[in-house]
Amino acid sequence: MEKFSRTELYNELLKNSLKYLSDKYHINYNQFSSFCHQNNIPIPGPKYRMYLKMKRDASNLIKPLPIAETDIIYFRTSDENEDIKNELKELNDPFKIEQIEQVLAEFKYSSKKPLSSKVRNFKKSIQNWKKENPYDDHSYEWYKWYSDEQKPKFMDDISPKELPRLYRLLDRFYLIFDQLVEEVKDDFTIIIGGKDEVPFSISEYKDNIDHRITKEEQAKLNEYEKKRMIDPDLAYKPRIRKYDHPYNGRFRIKFDSYPYHAYIRDTNKGKLEDKISQIIIEFYKEYISVRKERLARQEEERKQKEEKERKIQRAEHINDEKKKVQKLIIETRDYKTSKQIREYAKTVKDPKYKDWILQKASWLDPTIHKEDEILGKRDYSKALKEYYVL
């Protein structure tokens, strides 16, 4: 979807051909022509163009712009909105999809306006890092992995010459995501949906050209040739690379989440700045991929947690059952012992001692479970040996 002002489009048609404008806005010529007619915007004819080229007065060939209810009009291909809906259907959020369509349709960017504060702060972080690390050479791959310094994003992949373009590109992203109520952190980590970081990288392509030998390298080669003439065994040829890889100003944005790995790059038909809508859609497609991975990971963690809890509960249940069995065994033994004590009491002649014996039998007997005035109630979780005198 593309937003236009009827007045501005009419004035553009007075200066440029319809073919020029259809190329400028990346719209099919016939569709753009129909769009102008549908919105009652006069298209100057060939004679008008010829007069302009000959620098003749063409004012009498200009048709005035008819009055309309609104000056704002929208161009949309027949299936454009459906394409966005289909591409983002896994968002499962019709309101969000509609919001994305509207923001992309109405977004206009002016390079004349100052950078947003978010991008200015990011730019400052790069400038500060360069100031604090003047001798950094990011050509060494090991440095990326072993340096304790937290280098700002994109620095290793964009030439200093193209950093202003990078800032303008990031500014577009920030302004759009801000309207979409997504989070853009100071280091340009982008969080969509309030939870998921969408990993992406922006890099500048390099050419592969034959290496041009420098004066220092030529001096080393000359020295090598002299030594080779004197003593070939002691002469070591200097290692000089065959190719150079200079930056060429062409950008690529790549989405780094496995297994998505989509990318959009500068082409002869348009730069990244001309593909902002496509890039934002790819951000959300990447988000869908990241969200799926997170939800799958959370589901697996949930299952593992439930399994762990089941094992703990089963272990506790088994332990409780063992304690019950242990108590049962003790009760059985005590019951048997209490019966033996009563049999023994029948043989005792001393009434007082006999009465005491029968009291202890009732204390041991789990079917009576009489409380003893000294020992209290029998604790069947403990074996009788707990009451032995050492």
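I began with Tyr344, which I found in helix α11, and I keep in mind throughout these entries that the model is a predicted one. Tyr344 is partly exposed, with a relative accessible area of 44%. I then looked at what surrounds it on the surface, and found that Tyr344, Tyr353 and Trp356 make a nonpolar patch of about 330 Å².

**Salt bridges**

I searched the whole structure for salt bridges, and the search gave 22 of them. I took a few in turn.

The pair I looked up to begin with was Glu90 and Lys292, whose closest N and O atoms are 2.5 Å apart in a salt bridge. Because Glu90 sits in the loop between α5 (80-87) and α6 (94-106) while Lys292 belongs to helix α11 (residues 276-345), this pair ties together parts that are 202 residues apart in sequence. I also checked how open the two partners are: Glu90 is partly exposed, at a relative accessible area of 37%, and Lys292 is partly exposed as well, at 46%.

My next pair was Arg165 and Glu273, whose side chains meet in a salt bridge with 2.7 Å from N to O. Arg165 is in helix α9 (residues 163-179) and Glu273 is in the loop between β10 (263-265) and α11, so here the parts tied together are 108 residues apart in sequence. Is Arg165 buried or exposed? I noted a relative accessibility of 12%, and since buried means under 20%, Arg165 counts as buried.

I then turned to a pair within one helix, Glu307 and Arg310, which form a salt bridge with their closest N and O atoms 2.7 Å apart. Both residues lie in helix α11, three residues apart, which is about one turn of the helix. I reminded myself of the general rule that an α-helix has 3.6 residues a turn, so residues three or four places apart point the same way. Glu307 is partly exposed with a relative accessible area of 34%, and Arg310 counts as partly exposed at 44%. I also wrote down that Glu87, Glu282 and Lys285 are joined into one network by salt bridges that share partners.

**Strands β1 and β2**

I asked myself which side chains of strand β2 (residues 72-75) are buried. Ile73 and Phe75 point to one face and are buried, whereas Ile72 and Tyr74 point to the other face and are not. This made me recall that in a regular strand the side chains alternate between the two faces of the sheet. Strand β2 pairs with strand β1 (residues 2-5) in the antiparallel sense, over four bridges, and I found Ser5 standing opposite Ile72 of β2.

**Helices α1 and α4**

In helix α1 (residues 6-15) I listed the buried residues as Arg6, Leu9, Tyr10, Glu12, Leu13 and Leu14. I then looked for what covers them, and the cover includes β1, α2 (18-24), α3 (29-38), α4 and β2.

As α4 is part of that cover, I picked out Tyr51, whose place is in helix α4 (residues 46-53). At 13% relative accessibility, Tyr51 counts as buried. Which residues is Tyr51 in contact with, once its neighbours within four places in sequence are left aside? I noted Arg56, Asp57, Ala58 and Leu61. For Leu61 I also looked up the spacing, and Tyr51 and Leu61 are ten residues apart in sequence and 9.3 Å apart in space, taken from C-alpha to C-alpha.

Definitions and conventions: Residues numbered from 1 in each chain as written. Predicted model: local features only at pLDDT ≥ 70, side-chain atom pairs only at ≥ 80, totals over all residues. Heavy atoms only, no water. Salt bridge = Lys/Arg side-chain N within 4 Å of Asp/Glu carboxyl O. Helix = DSSP H or I, 4+ residues; strand = E, 2+ residues; numbered from the N terminus. Buried < 20%, exposed > 50% of the residue type's maximum accessible area, 1.4 Å probe, protein only. Patch = residues over 30% accessible without salt bridge, like charges linked within 9 Å, V, L, I, M, F, W, Y side chains within 5 Å. Areas by Shrake-Rupley, 256 points an atom, 1.4 Å probe, with all protein chains shown as cover. Pairing = 2+ DSSP bridges. Contact = heavy atoms within 4.5 Å.
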